[in-house]
Amino acid sequence: VLLSNIYGAARRWDDKAKVRNMMKESDVVKEPGCSCIEVNCQVHSFIAEDTSHPQIKEIHAELKRLSWQISEAGFVTDMRFALYNVEDAQREISLWHHSERLAIAFGLISTHAGASIRIIKNLRVCVDCH
């Protein structure tokens with residue numbers, strides 16, 4: 001997984017694909033990043049690009065609102081961590097759909113203003129999301 005990510009960061013897409021294929025052939029499975037949040041005594045779990053949550057439309061609307069708001073404040077997406085062989089606009093959208101951002105957006109639309117939001121991750125938090 002690390003070698004695949006190194007190739008992705010270097011934009012060596014063919015090498016990244018070869019490593020991913022070798023992983024697949026060897027039945028090596030990468031554990032997906034998962035973010036959890038508890039709201040009203042119920043735990044909600046998210047993975048990147050997750051669309052299974054019943055409130056996903058509202059979550060995406062909140063992400064869009066947040067994206068606009070922080071862009072207006074001067075935030076610039078760190079594209080070094082979008083390790084996908086797609087156009088920059090799609091890479092940025094992919095970063096906005098990381099599990100931690102989905103969980104945060106859900107927390108914002110599901111709690112009252114000023115409430116603490118605690119997200120638990122099974123892996124490290126992406127630098128752009130942090």
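Which residue in β2 is the bridge partner of Ile-37? Select Ile-37 and look across to the neighbouring strand: the partner is His-44. Keep in mind as you click around that this is a predicted model.

**Whole chain**

Zoom out and colour by secondary structure. You should find 5 helices and 3 strands in the protein chain, and from the N terminus on they run α-α-β-β-α-α-α-β. The chain has 130 residues, and 33% of them are buried. Take the contacts between residues at least 6 apart in sequence: 65% of those join residues at least 24 apart.

**The sheet**

Now select the strands. They make an open sheet of 3 strands, ordered β2-β1-β3, and the pairing is antiparallel. β2 (42-47) and β3 (120-121) are at the edges with a single partner strand each, so each has one side with no neighbour in the sheet. As background, strands of a sheet pair through backbone hydrogen bonds, either parallel or antiparallel.

Go to β1 and β2 next. These two run antiparallel and are joined by 6 bridges; the Ile-37 and His-44 pair you started with is found here. The two strands form a hairpin with 2 residues between them. Click on Asn-40 in that turn, and you'll find a positive phi of about 50°.

Then swing over to the β1 and β3 side. Here the antiparallel pairing rests on 2 bridges. Pick Ser-35 and you'll see Lys-121 of β3 standing opposite. Add α5 to the view: this helix packs on the sheet and touches β1, β2 and β3, with its direction at about 15° to that of β1.

**The largest nonpolar core**

Show side chains for Ile-37, Val-39, Phe-46, Ile-56, Ile-59, Leu-63, Leu-66, Trp-96, Leu-102, Ala-103, Ala-105 and Phe-106. These 12 residues are the largest nonpolar core. Two or more of its residues come from each of β1 (34-39), α3 (56-72) and α5 (99-110). More broadly, nonpolar side chains tend to be buried together in soluble globular proteins.

Val-39 is a good one to centre on. Leaving out residues up to four places away in sequence, Val-39 touches His-44, Phe-106, Ser-110 and Thr-111.

**α3**

Stay with α3 and put a distance between its end C-alpha atoms. With 17 residues at 1.5 Å a residue, the helix should span 24 Å, and the ends are indeed 24 Å apart. Next, select the buried residues of α3: Ile-56, Ile-59, Glu-62, Leu-63 and Leu-66. They cover an arc of only 115° around the axis, which puts them on the same side of the helix. The general reason for such spacing is that an α-helix has 3.6 residues a turn, so residues three or four places apart point the same way.

Flip to the other side of α3 and you meet the exposed residues Lys-57, Lys-64, Trp-68 and Glu-72. Follow the chain out of the helix to Gly-74, where phi is positive, near 110°.

**α2**

Jump back to helix α2 (residues 13-25) and try the length check again. Its 13 residues should span 18 Å at 1.5 Å a residue, and the end C-alpha atoms agree, at 18 Å apart. Which residues of α2 are buried? Select Trp-13, Asp-15, Lys-16, Val-19 and Met-23. Looking down the axis of α2, these buried residues fall within an arc of 165°, so they line one face of the helix. What do they pack against? Show α1 (2-9), since that is their packing partner.

Turn to the face away from the buried side of α2. There you'll see Asp-14, Lys-18, Met-22, Lys-24 and Glu-25, which are exposed.

**Two loop residues with positive phi**

Last stop: the backbone torsions. Asp-27 sits in the loop between α2 and β1. Its phi is positive, about 60°, although Asp-27 is not a glycine. Is Asp-27 buried or exposed? At 66% relative accessibility, Asp-27 counts as exposed, the cut-off for that being over 50%.

The other one to click is Glu-49, in the loop between β2 and α3. Glu-49 is again a residue other than glycine with a positive phi, near 65°. With a relative accessible area of 43%, Glu-49 is partly exposed.

Methods. Residues are numbered from 1 along each chain as its sequence is written. This is a predicted model: local features need pLDDT of at least 70, side-chain atom pairs count only at pLDDT 80 or more; totals for chains, interfaces and linings use all residues. Side-chain values use heavy atoms; hydrogens and water are left out. A nonpolar core is a set of buried Ala, Val, Leu, Ile, Met, Phe, Trp, Tyr and Cys residues joined through side-chain atoms within 4.5 Å. Buried means under 20% relative accessible area, exposed over 50%, partly exposed in between (1.4 Å probe, protein chains only). Helices (H or I, at least four residues) and strands (E, at least two) are DSSP runs, numbered from the N terminus. Contact means heavy atoms within 4.5 Å. Two strands pair if DSSP finds at least two bridges between them. Axes are lines fitted to C-alpha atoms, for helices over the stretch in contact, and angles run from 0 to 180 degrees between N-to-C directions. The expected span of a helix is 1.5 Å times one less than its number of residues. The arc is that of the directions from the helix axis to the C-beta atoms.
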